[in-house]
Amino acid sequence: ARVSSDLQQLATQYGEQIEAETIEDASKSQNIVGIIILIAVVVGTGLAIITIRSISNPITVITKAMDRLSHGYTETEVPGLKRRDEIGKMAQSVQIFKTNEIERLKLEEEAKQTEKSNREKDEKQAREETERRIRDTQIAEADAREKQEQARILSEHIQTFDDDVGQILKSLGNSANQMQDT
């Protein structure tokens, strides 16, 4: 009975020891799992931050470039054009908008220049037409004055001729009267 009691006591001690070791092992396992979870959370958070920044920073930079382009600063460089991901595709789209805006501004400037050139051409033609009309009017006025002068001179000659013929006829009439009286 004493052996049995010693065995029982040994078994109890051994059971208690195994239980203590199991609790200690479980506690260590919990600590290890906790540390692993903590490391996983830290690494996951770090990767999430890196991923978010790798996406948000390029998008922020492209957004700033788009904002500058929308305010007319066409010299703005579009970042991310060499990237082969979605950010690169966005950058290429922004570059197309930039190129189209530059072309639109160029065409607008050409249209303004053409309009200015046409307006200057029209103004020049109007001036030339006005000058031509003034010259034509001056020539017509000079011709009219010359014709009036010619008409006046002709009228004077006719009057002189009439006076001369009138005197000749009067002289002939007097001479004819004197011849008849004789």
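Q: In this predicted model, where a salt bridge is a side-chain nitrogen of Lys or Arg within 4 Å of a carboxyl oxygen of Asp or Glu, which residues are linked with E129 in a network of salt bridges?
A: One link of the network is the salt bridge between E129 and R132, whose closest N and O atoms are 2.3 Å apart. Both of these residues lie in helix α2, 3 residues apart, about one turn of the helix. The residues linked with E129 in the network are R132, R133 and D136.

Q: How many salt bridges does the structure hold by this rule?
A: A pair is counted when a side-chain nitrogen of Lys or Arg is within 4 Å of a carboxyl oxygen of Asp or Glu. With this cut-off applied, the count of salt bridges comes to 12.

Q: How far apart are the closest N and O atoms in the salt bridge of K124 with E128?
A: K124 and E128 are separated by about one helical turn, because they stand 4 residues apart in helix α2, which covers residues 86–181. K124 is partly exposed at a relative accessible area of 45%, and E128 also counts as partly exposed, at 40%. Between the closest N and O atoms of this salt bridge the distance is 4.0 Å.

Q: Which residue meets E24 in a salt bridge?
A: The N to O distance in this bridge is 3.3 Å, and E24 itself is partly exposed, with a relative accessible area of 44%. The partner is in helix α1, 4 residues from E24, so the two are separated by about one helical turn. The residue whose side chain meets that of E24 is K28.

Q: Is S70 buried or exposed?
A: S70 belongs to helix α1, which spans residues 2–70, and a polar atom of its side chain lies 2.7 Å from the backbone oxygen of D67. Since exposed means over 50% relative accessible area, and S70 has a relative accessibility of 56%, S70 counts as exposed.

Q: What is the accessible area of the nonpolar surface patch that includes I50?
A: I50 has its place in helix α1 and is exposed, with a relative accessible area of 56%. The patch is formed by I35, I39, V43, L47 and I50, and their accessible area together is about 480 Å².

Q: Which residue lies over the face of Y73?
A: A charge sits over a ring if NZ of Lys or CZ of Arg is within 6 Å of the ring centre and within 35 degrees of the ring normal. At 4.6 Å from the ring centre of Y73, the residue that lies over the face is R68.

Note on methods:
Residues are numbered from 1 along each chain as its sequence is written. This is a predicted model: local features need pLDDT of at least 70, side-chain atom pairs count only at pLDDT 80 or more; totals for chains, interfaces and linings use all residues. Side-chain values use heavy atoms; hydrogens and water are left out. Buried means under 20% relative accessible area, exposed over 50%, partly exposed in between (1.4 Å probe, protein chains only). A polar contact is a pair of N or O atoms within 3.5 Å; within protein, one must be able to donate a hydrogen and the other to accept it, and residues adjacent in sequence count only if both atoms are side-chain atoms. Patches are made of residues with over 30% relative accessible area and no salt bridge: like charges are joined within 9 Å, nonpolar side chains (Val, Leu, Ile, Met, Phe, Trp, Tyr) within 5 Å. Accessible areas come from the Shrake-Rupley method with a 1.4 Å probe; for residues, only the protein chains shown count as cover.
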